Amino acid sequence: MSYYDLFIQYYPSLLKGLWTTLLLSAVTLLIATPLALAIALIRETGSRWVAIPLAILVNAIRLLPALLVLFFVFYATPQLGYRLQPLTAAMIGLSIMGAAYMSEDFRGCIAAIDSGQYKAAKALGLSHLHTLRRIVLPQAFPLAISPYMTRAIIMVKATSLASMVAVADLTAAASRATSITYEPFLFIVFAGLGYLLISGFLALLQSWAEAKIARAYRLAPR
């Protein structure tokens, strides 16, 4: 059977796997981003009694393999009385990992803002929340573009681990087709192109955002 015939035969399952990967990537980023920002703000500007335990938790998650976190969410939660569907478990596990890593990126950008600006805002009578919203975050967000988009691309590639907890994503579809046909080249190339397409879009989005920020702040082109 030719490559063309094989592709036509397995195209529906590969396309469904690509859609699952897109969905998993989008949902994971939508959950992890605000959670990571909240964690970063609490750790950088919140009470030490909350920031220190949160720092321990974040670093513990960062030190664990992502696959182990996925296994824990998928296999261990039923022991607590919660039986999750594979896709839901993958979304939760990858979101937890993504939020832990992203929070460090965001925290670094927030910490880069000079502490004197906090003091100046306080001297002007601005509240802590107003200082964050109008002074600190508008300066931190441009700094976060590159690390955030890089982390987003890493998270997209990490969705391939979801195939290990029975999620029928792009990697799982390609692996299944390979195991049936013993023709790995075609399906591995297709899967690679799928991830390249998603990650390439994010890379282009990063370039566009950086150019827009550079124009807005009148930065010299690199």
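**A pocket in an all-helix chain**

The second largest pocket has a volume of about 160 Å³. The model around this pocket is predicted.

Start with the walls. The lining consists of T28, L64, A66, L94, M97, G98, Y101, R151, I154, M155 and A158. Two helices each supply at least two of these residues: helix 4, spanning 86-111, and helix 6, spanning 128-158. L94, M97, G98 and Y101 of the lining carry numbers inside the range of helix 4. R151, I154, M155 and A158 of the lining fall inside the range of helix 6.

Now the chemistry. Eight residues of the lining are nonpolar, two are polar and one is charged. The charged one is R151. T28 and G98 make up the polar pair, because Gly counts as polar here. Leucine, methionine, alanine, isoleucine and tyrosine side chains account for the nonpolar part.

Step back to the fold. The protein chain has eight helices and zero strands. Read from the N terminus, the order is α-α-α-α-α-α-α-α. The C-alpha atoms fill a box of roughly 75 × 50 × 20 Å along the principal axes.

Next, packing and surface. The chain holds 222 residues, and 37% of them count as buried, with under 20% relative accessible area as the cut-off. Take the contacts between residues at least 6 apart in sequence: 78% of them join residues at least 24 apart. The accessible surface comes to about 13100 Å². Carbon and sulfur atoms own 70% of that surface.

Methods
Residues are numbered from 1 along each chain as its sequence is written. This is a predicted model: local features need pLDDT of at least 70, side-chain atom pairs count only at pLDDT 80 or more; totals for chains, interfaces and linings use all residues. Side-chain values use heavy atoms; hydrogens and water are left out. On a 1 Å grid over the protein atoms alone, a cavity is a set of points where a 1.4 Å probe fits but cannot get out, and a pocket is an open set with protein on both sides within 12 Å along at least five of seven lines; lining residues have an atom within 4 Å of a point. Grid points are joined across faces, edges and corners, and a volume is the space filled by probe spheres set on the points. Helices (H or I, at least four residues) and strands (E, at least two) are DSSP runs, numbered from the N terminus. Buried means under 20% relative accessible area, exposed over 50%, partly exposed in between (1.4 Å probe, protein chains only). Contact means heavy atoms within 4.5 Å. Accessible areas come from the Shrake-Rupley method with a 1.4 Å probe; for residues, only the protein chains shown count as cover.
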